[in-house]
Amino acid sequence: MAENETMECITEHERILQEIESTDTACVGPTLRSIYDDQPNAHMRFMEKLDARIRNHDREIEKMCNFHHQGFVDAITELLKVRTDAEKLMGQVTDTNRRLQEAGREVTAQTGEVIRCRSQQRNMATTVEKLQLCIPVLQMYSKLKEQLESKRYYAALKTMEQLEKIYIPRVSQYRFCQIMAENLPRLREEIKEISMSDLKDFLESIRKHSDKVGETAMRQAQQHRTFNSAVAKQASVGHYTKPLYSLSWQTHARNILMTDDDDDADEEILTAQDLVDFSPVYRCLHIYAVLGDRETFENYYRKQRKKQARLVLQPQANMHETVEGYRRYFNQIVGFFVVEDHILHATQGLVTRAFTDELWNMALSKIIAVLRTHSSYCEDPDLVLELKNLIVIFADTLQGFGFSVNRLFDLLFEVRDQYNETLLKKWALVFREIFELDNYSPIPVETEDEYKLVVSRFPFHDAEIEKQDFPKKLPMSQSVPQIYMQVKEFIYASLKFSESLHRSSTEIDDMLRKSTNLLLTRTLSSCLQNLIKKPHIGLTELVQIIINTTHLEQACRYLEEFITNITNVSPETVHTTRLYGLSTFKDARHAAEGEIYTKLNQKIDEFIQLADYEWSMAESDGRASGYLMDLINFLRSTFQVFTHLPGKVAQTACMSACKHLSTSLMQMLLDTELKQISMGAIQQFNLDVIQCELFASSEPVPGFQGDTLQLAFIDLRQLLDLFMVWDWSTYLADYGQPTSKYLRVNPATALTLLEKMKDTSKKNNIFSQFRKNDRDKQKLIETVVKQLRSLVNGMSS
């Protein structure tokens, strides 16, 4: 066993030694460690083995050296022999090298110069090559600077784009290119700011020039309308036709806003670009499009234009005072939308038709509200007419640019009502002035020329008056032809508003007739009613007013013919409105008649108030009272004036006056404040009534049959006869009989008057003179009084 272990140990040590000999010294550590990991004292045996191996290697080395020693000695001997030759060769080589160095020194110098030149050439070629790459960049950048200085911003942006995408990437390694690349965003922002500033200046510019643009556009539209009207008149001479309206100029109205000169064939043509420089907005649009920010620009532009639209639509507070205020307002609005229409068609998408329509609808609502408000303040019909013409031109202009204006023409109907109201107010003043200046007397005509002049102004035809010799008088006063002419002037004025409204002749005819009816039934009728009610208008004036209204009523058919001739619409048309002048003048005449009756009665009352009877007089004066004679004379002169009135009017007035006079005299007798009446006073009163009856029988107004007028005093006559004759027995006996002589005497009336005559304790009792002689008379009176009272009580029961 021990022998086997020893063999194994020796074999292991051999392996380790071989491993140490064949392995790098850096890896010996693990090998040596394995020696110590074996059996105890194994390292000692290994050391012994190692020493044996070393001794073995030493013997092999010694053998090797002994074997080669002779050769080494021989080599050293030969080397010593060569040494001399080597030293000699060394000297020759050194000398040759010296001479070679001396000979090549000049070559070396020239070779260095060549190398240096070639290096410079290479550097120059490289520099030229790099410069050729850089020069286009510098040229483009220089071009960019020039474009910026000359404000060619759109071209500058294109140059920047080329620099960024083509030129700078080629030489991006150079610092100056990096600086350029860093500057380009800043330059873009500067261009953006400058273009936005230019846009703001443009917006301010078009705000200032909108007035001029609108004025030019409206003038062009008006010239087209005038031309079309002239063509229409030539096409139908002598007939009123609907104004011709053509939109043939729509196709070029957007771009051509002309100022015409009729005397110059080569008229100057103004375009929108002539009035407004649109380049800033084009430039700004292109710049923002290149920068990829077009949407921002579009939103900004539209927002600013909306703000400007609201400013343009704000009218001046005193706009309604002058036509120039309205004209400036319309010019600004037209100018605004003409510019927008130009932008719509000159740019692609900056504004859209939907946007302009939205703006226009917003503006149209505001315009209509403004015009409604301001036109309501206007009281001058000429100004309202001017406003209407401006609205028509305004609508025609914008319609030519494709905007819907139907609501404006609807508004014109409201303005027409306002115009008619102002006309009615104006003509009310005209009528009042005519009535105030009228002398209310027939028109004197001295010569045939004067007669023709009156007849030319008013349709008057009277065969009897035409047969009379000059000088002569026409029945109406001077206000009649003036009123007739003013009504025609009103029709002309009303017609002016109907022009250019694109309405048919039938509609215009209807408008004229309705407005004329308003003039007659409201304005003229009111003026006549007020005139009739004026205190200073006397009976003579009222009579003349009745005559005047009669002639005006007869002239109404001529006014209808006048309107028919203007509109060329037959009066037989189904929907033709008739003039209401007949009823107007009839109402005025009836009011005048009633006022005549009232004033006549008032005049009678004034005379009655002058009566001064001495109710206790013993005997009458033997003649009628002075106040009554004056009253009768007044009535005679007044009724002579009534001869020009229609028969029934004069007869009615006369009958009314006599009845009122009779009633007033009766009330005088029965006045409760009158306590006593003497027989002498009754006799005096009877004389006055006789004068009234004589006046009635004298036929102050022709046309009464028989004693019709005298019947107005029949109550007074029977009452006075009863007391004058003292025929109580007959009265009481025949009372209630149709054939009674005193049929019109009321018992209450007789009783009241008899009590005033009855004997009393007063010293002025009218029966005092009989009391001494005949007391039976007093008893008779008392008996009659009792009987009358019984009759009165019987009537009341």
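Here are four short exercises with worked solutions on the predicted model above.

Before you start, note that residues are numbered from 1 along each chain as its sequence is written. Because this is a predicted model, local features need pLDDT of at least 70 and side-chain atom pairs count only at pLDDT 80 or more, while totals for chains, interfaces and linings use all residues; side-chain values use heavy atoms, without hydrogens and water.

**Exercise 1. Take stock of the chain: how many helices and strands are there?**

Step 1: The chain holds 28 helices and 4 strands. Both are DSSP runs numbered from the N terminus: helices are H or I with at least four residues, strands are E with at least two.

Step 2: Of the 797 residues, 41% count as buried. Buried means under 20% relative accessible area, exposed over 50%, and partly exposed in between (1.4 Å probe, protein chains only).

**Exercise 2. Check the span of helix H10, then ask why H10 can be called largely enclosed.**

Step 1: The expected span is 1.5 Å times one less than the number of residues. For the 24 residues of H10 (residues 323-346) that gives 34 Å, and the end C-alpha atoms are 34 Å apart, which agrees.

Step 2: Count the buried residues: 18 of the 24 in H10 are buried, so the rest of the structure largely encloses this helix.

**Exercise 3. Compare two salt bridges within helices: are the partners buried or partly exposed?**

Step 1: A salt bridge needs a side-chain nitrogen of Lys or Arg within 4 Å of a carboxyl oxygen of Asp or Glu. Arg98 and Glu102 meet this at 3.5 Å, N to O, and Lys599 and Glu595 at 3.9 Å.

Step 2: Look at the spacing. Arg98 and Glu102 lie 4 residues apart in helix H3; Lys599 and Glu595 are also 4 residues apart, in helix H20 (residues 581-609), about one helical turn. An α-helix has 3.6 residues a turn, so residues three or four places apart point the same way.

Step 3: Read the accessibility. Arg98 is partly exposed at 40%, as is Glu102 at 45%. Lys599, at 14%, is buried, and Glu595 is buried at 11%.

**Exercise 4. Find a salt bridge between distant parts of the chain: where do Lys192 and Asp293 lie?**

Step 1: The side chains of Lys192 and Asp293 form a salt bridge at 3.0 Å, N to O.

Step 2: Lys192 is in helix H5 (residues 175-235), whereas Asp293 is in the loop between helix H8 (279-290) and helix H9 (294-312), 101 residues apart.
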